[in-house]
Amino acid sequence: MAKRKIDLLKNHDLSVVAAATVFTDGGIVVFPTETVYGIGVVSGNTDALARLRQVKDRPGDKPFQFLVADMEMARRFGAVFSTHSGRLATHFWPGPMTLVLPDGTRNGTLGVRVPDSPFALQVLRELGRPIISSSANRSGQPAPLTADDADVFGDDVDLLVDGGPVSGGVPSTVVLCGSDDYEILRPGGVPEDAIENAWNE
């Protein structure tokens, strides 16, 4: 089935409804955030996740991140916050920070982020559950900053939301949060000194 394209800048509300519908139906959506264009599926749909992994050609041991609307949604779907990691979330969400937190539903961790994107946040609130996501690029290629750059999957995706060029261009900082310390797994949009100050506040 040929993918659908929709212009977010011409019709914001229709784009939100279209994206939420495709996610709910188990489809794959390419969409803009404040950092880069992402590709994702709704959480809780194992068939959609398997399809996303195949489209991205992503190894089974390499995790995706979870986009959430707020800390409450993160907690509802398993994220466990310490006092320190809660401070990071309070300081830097919504924004370009992915927190790798203990997963209270199983033995492991999960990476969660609240995007600073009105479109993404509206879709998340419409869904009521996270979006499993990564950058919309082929492995080894730069993260896409425009819809044209992100249009690399052909009809393997169901919807491409064109929001124009994104202004960020820098991926999120990924922070592994322990109970008393942290490790920056990937530098990004939030500098280390700001993280250290918030962690130790």
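**Entry 1: ground rules**

Before looking up any loop, I noted that helices and strands here are DSSP runs, a helix having at least four residues and a strand at least two, numbered from the N terminus. I also reminded myself that this is a predicted model.

**Entry 2: Arg58 and its loop**

I began with Arg58, which I found in the loop between helix 2 (46-56) and strand 4 (65-67). Is Arg58 buried or exposed? With a relative accessible area of 16%, Arg58 is buried, because the cut-off for that word is under 20%. I then listed what Arg58 touches: beyond the neighbours within four places in sequence, its contacts are Arg53, Pro63, Phe64 and Ser134. Phe64 deserved a second look, since the charged end of Arg58 sits over the Phe64 ring, 4.5 Å from the ring centre.

Next I checked Asp57, which lies in the loop between helix 2 and strand 4. Asp57 is not a glycine, yet its phi is positive, about 55°. At a relative accessible area of 64%, Asp57 is exposed.

I also looked at Gln54, placed in helix 2. Gln54 is exposed, with 66% relative accessible area. I took one distance from there: the C-alpha atoms of Gln54 and Leu159 are 17 Å apart, with the two positions 105 residues apart along the chain.

**Entry 3: aromatic pairs**

How many aromatic pairs are there? I counted three aromatic pairs. One of them is Phe81 with Trp93: the ring centres are 6.0 Å apart and the planes stand at 85°, so I logged the pair as edge-to-face. Phe81 sits in the loop between helix 3 (71-76) and helix 4 (83-92), while Trp93 sits in the loop between helix 4 and strand 5 (97-102), so this pair ties together parts twelve residues apart in sequence. Phe81 and Trp93 are both buried.

I also wrote down Tyr182 with Trp199, whose ring centres are 5.2 Å apart with planes at 55°, so that pair is tilted. Tyr182 belongs to strand 10 (residues 182-186) and Trp199 to helix 7 (residues 192-199), so the pair links distant parts of the chain, 17 residues apart. Trp199 is buried, at 2% relative accessibility.

**Entry 4: helix 4 and what follows it**

Back to helix 4, beginning at its start: there a side-chain oxygen of Ser82 comes within 3.3 Å of the backbone nitrogen of His84. Which residues of helix 4 are buried? I noted His84, Ser85, Gly86, Leu88, Ala89 and Phe92 as buried. Their cover includes helix 3, strand 5, strand 9 (173-177) and helix 7.

After the helix I stopped at Trp93 and Pro94, which are joined by a cis peptide bond with omega about -10°. Pro94 is in the loop between helix 4 and strand 5.

**Entry 5: the nonpolar cores**

Last, I looked up the cores. The largest nonpolar core has 42 residues, and Phe23, Leu88, Met97 and Leu99 have the most contacts inside it. Helix 1 (residues 12-24) gives the most to this core, six residues. For Leu99 I went through the contacts more than four places away in sequence; among them are Phe81, Leu88, Trp93, Val112 and Cys177. A second, separate core has 17 residues, including Ile39, Val41, Ala150 and Val157. I added a reminder: in soluble globular proteins, nonpolar side chains tend to be buried together.

Methods: Residues numbered from 1 in each chain as written. Predicted model: local features only at pLDDT ≥ 70, side-chain atom pairs only at ≥ 80, totals over all residues. Heavy atoms only, no water. Buried < 20%, exposed > 50% of the residue type's maximum accessible area, 1.4 Å probe, protein only. Contact = heavy atoms within 4.5 Å. Phe/Tyr/Trp six-rings, centres within 6.5 Å; stacked < 30°, edge-to-face > 60°. Lys NZ or Arg CZ within 6 Å of the ring centre and 35° of its normal. Core = buried A, V, L, I, M, F, W, Y, C linked by side-chain atoms within 4.5 Å. Polar contact = N/O pair within 3.5 Å; in protein donor to acceptor, adjacent residues only side chain to side chain.
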